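User: Hi! Could you walk me through some side-chain and helix geometry in this structure?

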Amino acid sequence: MALIEVRKLDYSVGGPLLLDGIEFSLETRERVCIVGRNGAGKSTLMRLLAGEIRPDDGEVRVAPGVVVARLAQEVPHGLDGTIFDVVADALGDIGRLLAEFHRLSHALDDETALRELADVQARIDTANGWDLDRRVTEVLARLDLPEDAAFAAQSGGMNRRVLLARALVRAPDVLLLDEPTNHLDIEAIAWLEDLVRGFAGSVVFVTHDRRFLRALATRIVEIDRGTLTSWPGDYANYLRRREERQHAEEQANALFDKRLAAEEVWIRQGIKARRTRDEGRVRRLEAMRRERSERRDRTGRVRVEVAAAQNSGRKVVEARTVDFAIGGRVLIRDFSTTILRGDRVGLIGPNGVGKTTLLRLLLGELVPDHGGIELGTQLEIAYFDQHRSQLREDLNALDNVADGREFIEVGATRKHAIGYLQDFLFTPERARAPISALSGGERNRLLLAKLFAKPSNLLVMDEPTNDLDVETLELLEERLIEYAGTLLLVSHDREFLDNVVTSTIALEGGGHIAEYVGGYSEWLRQRPAPSPVAGIAEKPAAKAEATRVAPPAKRKLGFKETRELEQLPQRIETLEERIATMTAAMADPAFFRRDGAAIVAANAELAATQAELDSAYARWQELEGAG
């Protein structure tokens, strides 16, 4: 028997139905991931399953005795008190009695409090509430939550854990998770994966984290233009079958449009048509017109183009033996690095370890307590702030991006500001909407639009992936990989890191920072083995100092190597200029009118030059590190 059944459900928020006659059932021990574009109705369906809102038509049927609990994207209003209070509150009146008992038990020297405590204890006894008290305590211990800490003082990641505890304390048969990885660091995400995998009930979740999705989903449900389609199997199977369906749909639509165009030509033949046409054909044409008008075309793909500035100097940032502390807490100790033009560097580490602080140090916004940071020349910096503070709440979307301009220039392209925002899926009406009316995903897209309209050669992105749908996320990946400048990226999205960055700076706690070649997976492979510790996640920094291998002593360069090192910068500049010239020639449409052999030869020459450049950079780093 299904735990939840959805039958012919309609739901509208104005305009076309957001959910149009959908049907869905959830079986025991299933883990179903809901996918779809931002605004498709994923969170709305979750709220309907939780019973928080009612459908316009149809029904959501929950089997008798089945408990459904939902982890929301945002912190609900009105939650206050200690973490114990907030978690116990999810149990209703008895939970609030338990919270009152815990508050009074901390005031045993107050006679009034003692009398109140006895009264509350008697009421809990009457309600047989002590089992629930034990359940709250067990859930808090399982999630490593300090029960007496103030909820309002916690970080975003800690708040997510508290909200998850509120859901789990109800002992649900069905757990609904809406973007559960938002604000969690990498190790907390891995911990959450294990928790969900071991959950005894059924799980329905929405996520943009593709690795989390692949690890957990036993079935994928897609919401597209109001309809719901179920795809059994894993994410790779879903992607393959979705591509096949979209191709078939495009072919069917093209054939239909061709037939409709032919009928429209026929009906406009005037006197000749009126003499020969039959009423049945006219009715069929009218039906075709209605069918075409009711067709809901697929949401367009975000079209992202990054405005590139002139090249920066070869050396972008150099940090030398940097120390930095806040309030006596050491965040960075003895850190040195050199970031070169074209590097794509990922910054990873637990929440609160100092990733954003390190970014601000590298950008010169903060001054280190010890050591020095030198910025390169000709830098034009674009900064994506995870808190989206660059968006002004008193301006609409259009004014936030255009800054009063009618046209926006991105590279060699000049676009009207409204047209530019349409590339980021903002309709003219939405572009003029106040910021307060935009969802989290829309705000992130808007900040990307604002960021990419500015020419840059150093792109700094602090958690850009939150709230983006998977398709937009994948397109952003493509553009960052193609970006000609330098990238500094803070992210907890493991797959995003693997696909984009070429090196990783890992903040391991206690001020210890280490650098690794490659992305997240390479960091996992190369890092010192962490020691097991109690708590929500491993903390590899605990033994980092003990396991750190002393770097080999630098050797003195010979005469020939010294001479080679002096000549390498000029050689690198020459190779980069040659690649730029060849790339510009290939961008000319006339290039592809040449014969095939010439095109193949040109591509081979470009690949060889790029390989030579990579080799020169590797040699430069080798000699620079040795000398």
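User: Happy to start with charges over rings: which residue has its charged end over the ring of F426, and how far is it from the centre?

Analyst: Glad to help, and do keep in mind that this is a predicted model. For a charge to sit over a ring, CZ of Arg has to be within 6 Å of the ring centre. The residue over the ring of F426 is R445, and its distance from the centre is 5.2 Å.

User: And which residue lies over the face of F407?

Analyst: Here the distance from the ring centre is 4.1 Å. The residue lying over the face of F407 is R414.

User: How many aromatic pairs are there, and is the pair of F205 and F212 stacked or edge-to-face?

Analyst: The count comes to four aromatic pairs. F205 and F212 have ring centres 5.7 Å apart, with their planes at 90 degrees. Both residues are buried. Planes over 60 degrees apart count as edge-to-face, so the pair of F205 and F212 is edge-to-face.

User: How are helix α3 and helix α5 oriented where their axes cross?

Analyst: Helix α3 (residues 93-104) and helix α5 (residues 130-142) have axes that come within 10 Å and cross at roughly 75 degrees. Angles of 65 to 115 degrees count as roughly perpendicular, so α3 is to α5 roughly perpendicular.

User: Which residues make that contact, and how do they divide by type?

Analyst: From α3 come I94, L98, F101 and H102, while α5 brings W130, L132 and D133. By type, the residues of this contact are five nonpolar, one polar and one charged.

Technical notes. Residues numbered from 1 in each chain as written. Predicted model: local features only at pLDDT ≥ 70, side-chain atom pairs only at ≥ 80, totals over all residues. Heavy atoms only, no water. Phe/Tyr/Trp six-rings, centres within 6.5 Å; stacked < 30°, edge-to-face > 60°. Buried < 20%, exposed > 50% of the residue type's maximum accessible area, 1.4 Å probe, protein only. Lys NZ or Arg CZ within 6 Å of the ring centre and 35° of its normal. Axes fitted to C-alpha atoms, helices over the stretch in contact; angles between N-to-C directions. Helix = DSSP H or I, 4+ residues; strand = E, 2+ residues; numbered from the N terminus. Parallel < 35°, antiparallel > 145°, perpendicular 65-115°, else oblique. Contact = heavy atoms within 4.5 Å. Nonpolar A, V, L, I, M, F, W, Y, C, P; charged D, E, K, R; others polar.
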